[in-house]
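Hi,

Here's the structure I said I'd pass on. Have a look at it first, and then read my notes below.

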Amino acid sequence: MIVDNQYIYEGIRNLVEEINLNEKIDFFYSYHNVAFRKRYCNDDIFCPVSLKKCTEDFWKQYDVFFSFHCKQLFPDALVKNHRCINIHPGFNPYNRGWFPQVFSILNQQPIGVTIHEMDSEIDHGPIIYQEEVLIESYDTSYDVYQKILQKEMEMLRRNLYSLVKGEYNAVSVKAIGNINYKEDFNRLCKLKLDQVGTLGEHINLLRALTFEGYKNAYFEEGSKKIYTSIKFEIEENQMRN
């Protein structure tokens, strides 16, 4: 299992112990995940791996490979010759690729969690399990992402055993869908102050770019970047209702 998300790593470790799979399960994180390399530098059971440097001698040790928010692409030789499963924080085939929740806020396409067999394309392949999450009008990118993480753990709790054992039916996706890349996200971050649109469209853009702990949306003033985000507060008596 290759995991590059702290919440999912902790959850999946606990889940594996709870359901007692009686299988050899090793945990890895991407070698270029600097934060994890610092945090787990002395950990003997959670180790860095660079898949593009691995050979068949490494891959043939395992019956299945799992990608949990993995920060590296699985090589073609791996996905073509071994069973590989991706837990994708999006609702395939919509907004595959980079930060699905950002683009779902903008283009009103469905968002959720897709567990699928991997092929040579990004976030593509036969779907095993899939569930949607609801985006509220006041949800930021961060809010939606937290919903996705919770949904992932709910789905894994119900289905991890069948995923490991291969006891499932995968269905091919007929729709083409769309895919977004890092450069698409980067273009969104630079705000155009003369951009024409409705107030709702401008609010949605800020919602999509607001993620706690990160500076995303900005505009330029001379040589300076001015970062901005958006915050919502629900009226207290409405929350009680």
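Before the loops and helices, a word on naming: helices (H or I, at least four residues) and strands (E, at least two) are DSSP runs, numbered from the N terminus. Also keep in mind that this is a predicted model.

With those labels, let's start in the loop that runs between β4 (64-68) and α4 (76-81), where you'll find His-69. His-69 isn't a glycine, yet its phi is positive, at about 55°. There's a second backbone oddity in the loop between β5 (83-88) and β6 (96-97), which holds Pro-93. The peptide bond leading from Asn-92 into Pro-93 is cis, and its omega is near 10°. Why bother flagging these two spots? Because most residues other than glycine have a negative phi, and most peptide bonds are trans.

Next, the strands. β2 (residues 27-30) pairs with β3 (residues 46-49) over four bridges, and the sense is parallel. Within that pairing, Tyr-29 sits opposite Pro-48 of β3. Add helix α2 (residues 34-39) to β2 and β3 and you get a β-α-β unit, which is right-handed.

Now for the helix packing. I looked at two pairs.

How do α1 (residues 6-19) and α6 (residues 141-165) cross? Their axes come within 11 Å, at an angle of roughly 25°. With angles under 35 degrees counted as roughly parallel, α1 is therefore roughly parallel to α6. The crossing of α1 with α6 is right-handed. On the α1 side the contact includes Tyr-7, Ile-8, Gly-11 and Leu-15, and on the α6 side Leu-149, Met-153, Leu-156 and Tyr-161 are among the residues involved. Sorted by class, the α1 and α6 contact comes out as 11 nonpolar, two polar and three charged residues.

The other pair is α5 (residues 100-107) with α7 (residues 182-189): the axes are 11 Å apart and the packing angle is about 60°. So α5 and α7 are oblique to each other. This crossing, of α5 and α7, is left-handed. Val-102, Phe-103 and Leu-106 make the contact from α5, while α7 brings Asp-184, Phe-185 and Leu-188. That gives the contact of α5 with α7 five nonpolar residues, one charged residue and no polar ones. Asp counts as charged, so the charged residue there is Asp-184 of α7.

If you open just one spot, I'd go for the cis bond between Asn-92 and Pro-93.

Cheers

Note on methods. Residues numbered from 1 in each chain as written. Predicted model: local features only at pLDDT ≥ 70, side-chain atom pairs only at ≥ 80, totals over all residues. Heavy atoms only, no water. Axes fitted to C-alpha atoms, helices over the stretch in contact; angles between N-to-C directions. Parallel < 35°, antiparallel > 145°, perpendicular 65-115°, else oblique. Left-handed = near helix turned anticlockwise from the far one by under 90°. Contact = heavy atoms within 4.5 Å. Pairing = 2+ DSSP bridges. Right-handed = clockwise from strand over helix to strand, strands pointing away.
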